[in-house]
Amino acid sequence: MLVFFLIAGTVAAPLDPDLKLVQTQDLEGREPPDALVLHVNGRLTFRGQQTTPEAYVADNGSGPTRIVPDRDVAAQRLMAVTGALRRAGATSVILVTERALQ
């Protein structure tokens with residue numbers, strides 16, 4: 001299995017050396033407008049208004065739900081919110097995270 005991962009990592013084509021990636025470090029950061037925000041204190045908001053998983057699904061339908069968790073939120077709270085969203089009818093829960101290419 002280790003050999004597979006060693007080979008698979010070298011088979012992927014490297015990025016074009018002339019490619020210049022977009023720099024986003026100086027952009028103002030804010031949550032996507034149609035995503036739930038889970039704050040560090042466990043509070044859940046949508047478009048700046050406090051909500052619950054059940055109320056969110058009732059108001060916005062049962063499609064895929066995006067959630068932006070604070071990086072310091074308790075994992076237990078995050079799991080409780082995602083579980084509540086699924087039980088309320090969300091077809092899927094998508095976590096929106098920060099990704100930095102270095």
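Helices and strands are here DSSP runs, a helix (H or I) having at least four residues and a strand (E) at least two, numbered from the N terminus.

**Figure 1. Overall fold of the predicted model.** Along the sequence, the secondary structure elements follow the pattern α-β-β-β-α-β-α-β. The protein thus labelled comprises three helices and five strands. Of its 102 residues, 25% count as buried. The accessible surface amounts to about 8100 Å², and carbon and sulfur atoms contribute 55% of that area. Among contacts with a separation of 6 or more, 63% are made by residues 24 or more positions apart.

**Figure 2. The open five-stranded sheet.** The strand order is β3-β2-β1-β4-β5, with mixed pairing. Strands β3 (49–50) and β5 (93–95) form the edges, each pairing on one side only. In general, the strands of a sheet pair through backbone hydrogen bonds, in either a parallel or an antiparallel arrangement.

**Figure 3. Strand β4 and its pairing with β1.** Strand β4 spans residues 65–69 and is mostly covered, with four of its five residues buried. Strand β1 (residues 36–38) pairs with β4 in the parallel sense, and three bridges connect the two strands. Within this part of the sheet, L36 has I67 of β4 as its bridge partner.

**Figure 4. Pairing of β4 with the edge strand β5, and the crossover between them.** Strands β4 and β5 pair in the parallel sense over three bridges. T65 stands opposite V93, a residue of β5. Between the two strands, the chain passes through helix α3 (residues 75–88). The resulting β-α-β crossover is right-handed.

**Figure 5. The aromatic pair F46 and Y56.** The count of aromatic pairs in the model comes to one. The rings of F46 and Y56 are arranged edge-to-face, with a centre-to-centre distance of 5.0 Å and an angle of 70° between their planes. The arrangement is classed as edge-to-face because the angle between the planes is over 60 degrees. F46 belongs to strand β2 (residues 44–46), whereas Y56 lies in helix α2 (residues 53–60). The two residues are ten residues apart, and their pair links distant parts of the chain. Both F46 and Y56 are buried.

How values were computed
Residues are numbered from 1 along each chain as its sequence is written. This is a predicted model: local features need pLDDT of at least 70, side-chain atom pairs count only at pLDDT 80 or more; totals for chains, interfaces and linings use all residues. Side-chain values use heavy atoms; hydrogens and water are left out. Rings of Phe, Tyr and Trp (its six-membered ring) pair if their centres lie within 6.5 Å; planes under 30 degrees apart count as stacked, over 60 as edge-to-face and the rest as tilted. Buried means under 20% relative accessible area, exposed over 50%, partly exposed in between (1.4 Å probe, protein chains only). Two strands pair if DSSP finds at least two bridges between them. A crossover is right-handed if, with the strands pointing away from the viewer, the path from the first strand over the helix to the second runs clockwise. Contact means heavy atoms within 4.5 Å. Accessible areas come from the Shrake-Rupley method with a 1.4 Å probe; for residues, only the protein chains shown count as cover.
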